[in-house]
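Here is a short briefing to read with the structure open beside you. Take it one topic at a time, and find each residue as you go.

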Amino acid sequence: MGQVLTKARARVRASEDQVRAKLPLGQILAGDCVEAMRSLPDASVDLIFADPPYNLQLGGDLNRPDGSHVDAVTNDWDHFDSFAAYDAFTRAWLAEARRVLRPDGAIWVIGSYHNIFRVGAMMQDMGFWLLNDIVWRKSNPMPNFRGTRFTNAHETLIWASMGEKAKYHFNYRAMKTLNDELQMRSDWVIPICAGQERLKKAGHKVHPTQKPEALLYRVMLATTEKGDVVLDPFFGTGTTGAVAKRLGREWIGCEREDIYREAARERIEMALPLDESALTTMQSRKEAPRVAFGALVEAGWIAPGTEIFDKKRRFSAVVRADGSVEAGKETGSIHHVGKVLQNAPSCNGWTFWHLQHEGSAKPLDALRQLFLLTVED
């Protein structure tokens, strides 16, 4: 019996390798996403992250109180003649997404109040099983300049599996570690894309709705493993590809706009993959601080692989991709590892651990305070 099972597993692996060999890994497929996805084999992708047009139905230009123009979404790709046209487009790309996903795969779709409820209903009608809706709460949202409505300070992400009984991947321990040993909640406070991360050309945004890398970092760390294939049907300027490269995931993009494809290629070319040891994430095992250590890691303030040490340099540890740290055989949060190494009842990792920053050793709390200033700004 054991030999029969071994041969069966070998056949499954060989079949999966053949399918994988047909995938255009690390490529951006030009043209309409529905047509592009039709070129992919059935059941070949581990995860889909979709940031489709929101169908914003904007009426005219938007100006600030001082008369300056707001660089909002006015592109042709967000214009649909009717809700029926938008719904037909949504069903078409969702059908292809369902076809290319593996049985244990999953899909994330992000949207605003303009479209996310329509998309969610269609997903349920098509057999997807909704696992969570995540509220991305923007710590620095654009104000409502006209003063006629509440400020739009969040977007919604739907995370769904292939069906009610379908298996799916969730790295619970990595999420808890990323959140300083607290269960990760379904409301994520992450700043909108700004500063050096925001791609610009001739002083203007390359893409009006570029998503922050921290958002994709959390999605992939939670629901994929190293080597998994992530497909983005609305690739834009390549946030998904850049983060996938950093985390050691394979990626495929679909994008019809030439300017976005060009920007994405340049951006991904510059993205640096993480060190192999830093990619290892926690698999299993008070009062919440204002910001988790993992938030600094996913936002790029502290790179995975960074060495941290105590003030007297008796102990050292290495930062990992999920915000955990590793000191020899001991792994866990900055607080847990510091406690174990000192054989102490507790440890405030923020003040115990230090790192080299701008030429001098500084406590992690110094970077936390700087990070909080940028978030509040």
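Cysteine 347 is buried, with a relative accessible area of 14%. Cysteine 33 is buried as well, at 6%. Please keep in mind that you are looking at a predicted model.

**Cysteines**

- The structure holds zero disulfides.
- Why does cysteine 33 not form a bond with cysteine 254? The closest cysteine sulfur to that of cysteine 33 belongs to cysteine 254, and it is 6.4 Å away, which is too far for a bond. For comparison, a disulfide needs the two sulfur atoms within 2.5 Å.

**The sheet of eight strands**

- Following the strands of this open sheet across, you meet them in the order β1-β10-β9-β2-β3-β5-β4-β6, and the pairing is mixed.
- Which strands stand at the edges? They are β1 (27-30) and β6 (187-190); each has a single partner strand, so one side of each is left without a neighbour in the sheet.
- From one strand to the next, the twist averages 20°.
- Strands β2 and β3 (residues 101-111) run parallel and are joined by five bridges. Within this pair, leucine 47 stands opposite alanine 106 in β3.
- Helix α4 (residues 116-125) packs on the sheet, where it touches β3, β4 (129-138) and β5 (154-161). The direction of α4 makes about 165° with that of β3.
- Helix α7 (residues 239-247) also packs on the sheet, touching β2, β9 (229-232) and β10 (250-255). Its direction makes about 170° with that of β10.

**The sheet of six strands**

- Here the strand order is β14-β13-β12-β11-β15-β16; this sheet is open too, and its pairing is antiparallel.
- The edge strands are β14 (330-332) and β16 (360-363), and each of them pairs on one side only.
- The twist averages 35° from one strand to the next.
- Strand β11 (residues 307-310) and strand β15 (residues 353-357) run antiparallel, with two bridges between them.
- Helix α10 (residues 334-342) lies across β11, β13 (325-327), β14 and β15. It runs at about 150° to β14.

**Aspartate 310 and its surroundings**

- Aspartate 310 sits in strand β11, and its bridge partner in β15 is tryptophan 353.
- Is aspartate 310 buried or exposed? With a relative accessible area of 1%, it is buried.
- Two backbone nitrogens lie by polar atoms of the aspartate 310 side chain: that of arginine 314 at 2.6 Å, and that of phenylalanine 315 at 2.7 Å.
- Leaving aside residues up to four places away in sequence, it touches Phe315, Phe352, Trp353 and His354.

**Nonpolar cores**

- In soluble globular proteins, nonpolar side chains tend to be buried together.
- The largest nonpolar core here has 60 residues, and the members that touch the most others are Trp108, Leu157, Leu247, Phe293, Ile308 and Leu364.
- Which helix gives this core its largest share? Helix α6 (residues 213-223) does, with eight residues.
- Leucine 247 touches Tyr217, Met220, Leu221, Leu274, Leu279 and Ala321, again not counting residues up to four places away in sequence.
- A second core of 32 residues is separate from the largest one, and Val34, Val109, Met123 and Cys254 are among its members.

**Residues to find in the loops**

- Alanine 43 has a positive phi of about 45°, although it is not a glycine. You will find it in the loop between α2 (33-37) and β2 (45-50).
- Alanine 43 counts as partly exposed because its relative accessibility is 34%, a value that falls between the 20% limit for buried and the 50% limit for exposed.
- Arginine 313 is not a glycine either, and has a positive phi of about 55°. Its place is in the loop between β11 and β12 (316-319).
- Serine 324 belongs to the loop between β12 and β13. Serine 324 is buried, and its relative accessible area is 0%.
- The side chains of serine 324 and aspartate 322 are joined by a polar contact of 2.6 Å.

Conventions:
Residues numbered from 1 in each chain as written. Predicted model: local features only at pLDDT ≥ 70, side-chain atom pairs only at ≥ 80, totals over all residues. Heavy atoms only, no water. Pairing = 2+ DSSP bridges. Helix = DSSP H or I, 4+ residues; strand = E, 2+ residues; numbered from the N terminus. Axes fitted to C-alpha atoms, helices over the stretch in contact; angles between N-to-C directions. Contact = heavy atoms within 4.5 Å. Core = buried A, V, L, I, M, F, W, Y, C linked by side-chain atoms within 4.5 Å. Buried < 20%, exposed > 50% of the residue type's maximum accessible area, 1.4 Å probe, protein only. Polar contact = N/O pair within 3.5 Å; in protein donor to acceptor, adjacent residues only side chain to side chain.
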